[in-house]
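The following report looks at selected helices, nonpolar cores and aromatic pairs, and is meant to be read alongside the coordinates.

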Amino acid sequence: MNVDDLIIVSVDDHVVEPPSMFEKHLPAAYRDTAPRFFTEADGSGYWLFEGKKIPNIGLNAVAGRVPEEYGCEPQSLEEMRAGAYDIHARIGDMNVNGILGSICFGSFAGFEGALYIGAKDKQNALAVIRAYNDWHIDEWCGAYPGRFIPMALLPLWDVALCVQEVKRVVAKGCRAVTFPDNPAARGLASIHDESWEAFWRICAEEEVVICCHIGTGSAPAHPSMDSPIDAWIIGMPMAIANSAADWLHLTALKRYPKLKIALSEGGIGWVPYFLERAEFTHQQHKAWTFADFGDRTPTQVFQDHFLTCFIDDKFGVANRHKVGLQTICYECDYPHSDATWPRSPERLFENFVGVPDDEIDAMTHLNAMRAFHYDPFAIFGRENCTVGALRAQAQHIDITPRSFNAGKPKKSNGRSVVTSGDVLKLFQHEDA
């Protein structure tokens with residue numbers, strides 16, 4: 001196998017929602033109270049919802065910029081690649097990067113829709129979530145059948161409404177939902193509260209994957225507000241490990257064999273030790289903690305119920321059988337700064353030295369296709385789904401890095417002085 005032979009499905013990308021997203025999908029009665037997009041005099045954009053300004057709508061959407069300008073910019077659509085928010089341009093950027101299929105997390109409302117959990121008007125928030133899902137499934141994913149795996153937001157404050165929405169989106173062909181990695185950190189019931197039972201049941205019955213993106217519940221730790229942002233970025237994927245330990249002990253996993261949890265953007269290199277520690281903990285402490293995995297081990301439970309993903313992880317791939325080959329998927333993370341666009345296939349292929357072709361296929365697309373009930377081969381034919389075939393359609397796409405002379409980090413004593421505090425300030429919502 002060579003790079004052009006790869007077939008790549010990404011289970012973690014992002015979309016910057018276009019300002020017009022609600023126009024075709026929201027009932028007239030809710031249009032005045034829905035999130036609205038505004039542009040400042042300097043060209044920066046923000047969404048307004050219930051009196052709160054949500055800034056930096058393109059937070060970290062830096063694909064196509066010169067690396068010196070990576071950061072938390074851009075703040076305006078004009079400073080992003082159109083593929084961040086325009087579906088037609090996105091397909092071009094996927095083709096030139098050899099990406100066949102993609103799951104796209106939303107942006108301004110939070111990857112799991114946290115903005116709506118605290119909404120004052122829950123009926124309005126429910127209408128907005130349903131409109132978002134209709135836009136995402138019908139307009140974003142539906143524009144190019146076979147190129148996307150749709151994923152829905154949920155009205156997380158009400159389990160019965162979550163169940164209703166799961167049923168509604170499944171009928172529209174969606175088998176993935178985004179969910180906090182730790183709902184208790186969002187002021188919701190913990191995953192161990194029996195109130196979630198109907199939600200676990202419907203996701204298992206309909207084989208809907210619950211996608212828990214890093215930072216959607218338990219925030220990635222930053223040692224101090226003065227810590228270089230590099231330190232935070234290094235630890236960010238592994239930050240989901242604590243939540244993964246919690247999910248591993250979810251009793252619903254024993255009741256529902258088909259329940260699947262995706263640790264979105266979590267990486268894989270840390271998983272072998274995580275499982276080793278889980279095995280030790282169970283053997284050493286089960287007599288007094290009463291942890292009960294039935295007739296299975298913690299490792300077996302993890303490998304039966306969890307999906308993992310990686311961008312560039314040679315250590316994880318080398319230890320893929322300790323992770324669980326059947327759990328591993330690829331993620332591109334376009335248009336964020338971890339994405340290796342437009343050379344993702346080349347970077348990915350470097351991870352596969354000595355790996356058999358069938359195992360490469362499992363990690364690059366077959367695991368994702370199976371878990372998400374996604375079959376692009378039935379639409380395009382397998383021969384048209386390779387990196388080589390997709391790139392042949394994208395010879396007109398300009399991949400020249402662009403500079404906007406913004407976001408260049410200052411230097412002090414030879415190192416970046418961009419701190420965790422600088423970035424965290426950008427997440428703070430302001431009153432309009």
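Helices, as the word is used here, are DSSP runs of type H or I with at least four residues, numbered from the N terminus. The model is a predicted one, and local features are described where pLDDT is at least 70.

**Helix 4 and its surroundings**

With that numbering, helix 4 is followed by Gly173, a residue whose phi is positive, near 95°. The helix itself covers residues 159-171, and its 13 residues reach 19 Å from the first C-alpha to the last, which is close to the 18 Å expected at 1.5 Å a residue. At the N-terminal end, Asp158 acts as the cap, with a side-chain oxygen placed 3.0 Å from the backbone nitrogen of Ala160. The residues of helix 4 that are buried are Val159, Leu161, Cys162, Val163, Glu165, Val166, Val169 and Val170. These buried residues pack against helix 3 (122-141), strand 6 (176-178) and helix 5 (197-205).

**Two nonpolar cores**

In soluble globular proteins, nonpolar side chains tend to be buried together. The largest nonpolar core of the model holds 106 residues, of which Tyr116, Phe199, Trp200, Ile210 and Leu259 touch the most other members. Helix 3 gives the most to this core, contributing 10 residues. Apart from the largest core lies another, made of 22 residues, including Ile7, Cys309, Ala368 and Tyr374. Returning to Leu259, and leaving aside its neighbours within four places in sequence, one finds this residue in contact with Trp200, Cys203, Ala204, Ile210, Leu250, Ala252, Leu253 and His305.

**Aromatic pairs**

A pair of aromatic rings is described by the distance of the centres and the angle of the planes. Across the whole structure, a search finds 22 aromatic pairs, and two of them are set out here.

| Pair | Centre distance | Plane angle | Class |
|---|---|---|---|
| Trp47 and Phe108 | 4.2 Å | 10° | stacked |
| Trp135 and Trp140 | 5.9 Å | 35° | tilted |

Why can the pair of Trp47 and Phe108 be said to tie together parts that are 61 residues apart in sequence? Trp47 lies in strand 3 (residues 45-49), whereas Phe108 lies in the loop between strand 5 (99-105) and helix 2 (114-117), so the pair joins parts separated by 61 residues in sequence. Trp47 counts as buried because its relative accessibility is 1%, under the 20% limit, and Phe108, at 6% relative accessibility, counts as buried as well. In the tilted pair, Trp135 is buried with a relative accessible area of 2%, and Trp140 is buried with a relative accessible area of 2%. Elsewhere, ring pairs link Phe179, Trp196, Phe199, Trp200 and Trp247 into a cluster; Phe199 and Trp200 have already appeared among the residues that touch the most other members of the largest core.

**Helix 14 and the residues that meet it**

Helix 14 (residues 357-371) has 15 residues and reaches 20 Å from its first C-alpha to its last, close to the 21 Å expected at 1.5 Å a residue. This helix bends by about 55° at Met363. Because 11 of its 15 residues are buried, helix 14 is largely enclosed by the rest of the structure; among the buried ones are Glu359, Asp361, Met363, Thr364 and Ala368. Just after the helix, His373 takes a positive phi of about 55°.

Thr364, a residue of helix 14, has a relative accessibility of 1% and therefore counts as buried. Its side chain reaches the backbone oxygen of Ile7 at 3.0 Å, while a polar atom of the Thr364 side chain lies 3.5 Å from the backbone oxygen of Asp361. Leaving aside neighbours within four places in sequence, Thr364 is in contact with Leu6, Ile7, Ile8, Val9, Leu348 and Phe352.

Which residues does Arg320 touch, not counting those up to four places away in sequence? They are Leu325, Ile328, Val355, Pro356, Glu359 and Met363. Arg320 is found in helix 12 (residues 320-323), and at 11% relative accessibility it counts as buried. The C-alpha atoms of Arg320 and Met363 are separated by 9.3 Å, although the two residues are 43 residues apart along the chain. The side chain of Arg320 also reaches the backbone oxygen of Val317, at 2.9 Å.

Note on methods: Residues are numbered from 1 along each chain as its sequence is written. This is a predicted model: local features need pLDDT of at least 70, side-chain atom pairs count only at pLDDT 80 or more; totals for chains, interfaces and linings use all residues. Side-chain values use heavy atoms; hydrogens and water are left out. Helices (H or I, at least four residues) and strands (E, at least two) are DSSP runs, numbered from the N terminus. The expected span of a helix is 1.5 Å times one less than its number of residues. Buried means under 20% relative accessible area, exposed over 50%, partly exposed in between (1.4 Å probe, protein chains only). Contact means heavy atoms within 4.5 Å. A polar contact is a pair of N or O atoms within 3.5 Å; within protein, one must be able to donate a hydrogen and the other to accept it, and residues adjacent in sequence count only if both atoms are side-chain atoms. A nonpolar core is a set of buried Ala, Val, Leu, Ile, Met, Phe, Trp, Tyr and Cys residues joined through side-chain atoms within 4.5 Å. The bend at a residue is the angle between axes fitted to the seven residues ending there and the seven starting there. Rings of Phe, Tyr and Trp (its six-membered ring) pair if their centres lie within 6.5 Å; planes under 30 degrees apart count as stacked, over 60 as edge-to-face and the rest as tilted.
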